[in-house]
Amino acid sequence: MKARTQHKKLQKEDEVGFAVFKSWGFWRALVVAFCIGCIVGHWLEIPYCLFMNHFFGIVADDYAVWSDPWYHPYWVYGFGAVAMTFVIEPFKEIIIERRKTMWGAFLETFLYAVLLAMLLELVIGWMVNQPDQFGEYPYWDNSGLFLNVFGQAWLINDVVIGLVAMFYVWVMWPLICKGLEKLGNRGANIALVIIVVGFAACCTASYIQLALR
């Protein structure tokens with residue numbers, strides 16, 4: 001029984017301590033997460049669009065994801081990573097300390113992430129996506145979709161966003177933090193420079209290519 005308790009304690013310790021906002025290590029990891037998020041988010045957009053188009057037919061044939069070069073940054077995912085680090089990660093760590101099991105902490109964090117995604121869709125939609133005099137939405141229209149919320153949010157999409165958030169705060173963010181820590185301070189700083197320079201090169205090449213189309 002004692003060994004099992006110690007094992008649970010070690011598991012909890014493995015998932016907390018990644019929201020130390022006042023440390024250089026945190027901000028270094030955050031910059032890395034932003035750069036990676038912008039590029040990897042682009043890659044994740046492709047299977048997401050394939051899935052949504054196959055089952056719901058909501059992705060246009062001329063959507064940019066089909067033609068953008070693989071190294072083109074999708075900034076929304078980078079900023080999304082930053083937002084999740086500041087909002088969901090510390091909340092996750094509080095839940096882990098309060099919950100008896102890691103599964104319970106995971107499921108509770110997932111539930112709140114889905115609710116947060118839905119609220120953001122609603123608030124942003126009510127602010128900038130109001131229908132015109134003909135009842136047409138300027139940016140997106142979820143009113144005809146199953147499980148839509150007030151025509152603005154869509155629960156299916158919010159669940160997907162929640163799953164992405166769980167992958168980020170439970171896997172990607174701790175992996176980045178631990179990986180940089182293992183490199184030591186000097187090695188982590190060198191890795192930061194390499195990643196930022198590589199990201200800048202991707203942005204430069206991508207926008208030059210797009211401008212020449």
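Is Phe26 buried or exposed? Phe26 is buried, at 4% relative accessibility, where buried means under 20% relative accessible area, exposed over 50% and partly exposed in between (1.4 Å probe, protein chains only).

The model is predicted: local features need pLDDT of at least 70, side-chain atom pairs count only at pLDDT 80 or more, and totals for chains, interfaces and linings use all residues. Residues are numbered from 1 along each chain as its sequence is written, and side-chain values use heavy atoms, with hydrogens and water left out.

**Exercise 1. Describe the fold of the protein chain.**

Step 1. Take the secondary structure: the protein chain has five helices and two strands. Helices (H or I, at least four residues) and strands (E, at least two) are DSSP runs, numbered from the N terminus.

Step 2. Put the elements in sequence order, which gives the pattern α-α-α-α-β-β-α.

Step 3. Add the extent: along the principal axes, the C-alpha atoms fill a box of roughly 65 × 45 × 30 Å.

Step 4. Add burial and contacts. Of the 213 residues in the protein chain, 38% are buried. Contact means heavy atoms within 4.5 Å; among contacts between residues at least 6 apart in sequence, 71% join residues at least 24 apart.

**Exercise 2. Characterise the packing of α3 against α5.**

Step 1. Choose the descriptors: two packed helices are described by the angle between their axes and the distance between the axes.

Step 2. Read the values. Helix α3 (residues 75-98) and helix α5 (residues 155-211) pack at an angle of about 170°, with axes 14 Å apart. Axes are lines fitted to C-alpha atoms, for helices over the stretch in contact, and angles run from 0 to 180 degrees between N-to-C directions.

Step 3. Classify the angle: α3 is therefore roughly antiparallel to α5. The classes are roughly parallel under 35 degrees, roughly antiparallel over 145, roughly perpendicular from 65 to 115, and oblique for the rest.

Step 4. List the contact residues. On α3 they include Met84, Glu89 and Lys92, and on α5 they include Val169, Trp170, Trp173 and Pro174.

Step 5. Sort them by type: the contact of α3 with α5 has 15 nonpolar residues, one polar and two charged. Here Ala, Val, Leu, Ile, Met, Phe, Trp, Tyr, Cys and Pro count as nonpolar, Asp, Glu, Lys and Arg as charged, and the others, Gly among them, as polar.

**Exercise 3. Examine Glu89 and Lys92.**

Step 1. Locate them: Glu89 is in helix α3, and Lys92 is in helix α3.

Step 2. Check burial. Glu89 is buried, with a relative accessible area of 0%; Lys92 is buried, also at 0%.

Step 3. Find the partners beyond four places in sequence. Glu89 contacts Glu15, Phe18, Ala19, Met84, Val169 and Trp173 once neighbours within four places are left aside. Under the corresponding exclusion, Lys92 touches Glu15, Thr109, Val169, Trp170 and Pro174.

Step 4. Test for a charge over a ring. The charged end of Lys92 sits over the ring of Trp170, 5.1 Å from its centre; the criterion is NZ of Lys or CZ of Arg within 6 Å of the ring centre and within 35 degrees of the ring normal.

**Exercise 4. Classify two aromatic pairs.**

Step 1. Count the pairs: the whole structure has 19 aromatic pairs. Rings of Phe, Tyr and Trp (its six-membered ring) pair if their centres lie within 6.5 Å; planes under 30 degrees apart count as stacked, over 60 as edge-to-face and the rest as tilted.

Step 2. Take Phe26 and Phe86. Their pair is edge-to-face, at 5.7 Å centre to centre and 70° between the planes. Phe26 lies in helix α2 (residues 24-56) and Phe86 in helix α3, 60 residues apart. Phe86 is partly exposed, at 32% relative accessible area.

Step 3. Take Phe51 and Phe55. The centres are 4.8 Å apart and the planes at 50°, so the pair is tilted. Both belong to helix α2, four residues apart, or about one helical turn. Phe51 is partly exposed at 38%, whereas Phe55 is exposed at 53%.

Step 4. Place Phe26 and Phe86 in their cluster: they belong to one aromatic cluster with Phe21, Trp27, Tyr168 and Trp173.

**Exercise 5. Check two backbone angles.**

Step 1. Recall that most residues other than glycine have a negative phi.

Step 2. Leu147 has a positive phi near 70°, lies in the loop between α4 (102-128) and β1 (148-149), and is partly exposed at 35%.

Step 3. Phe150 has a positive phi of about 55°, lies in the loop between β1 and β2 (153-154), and is exposed at 63%.
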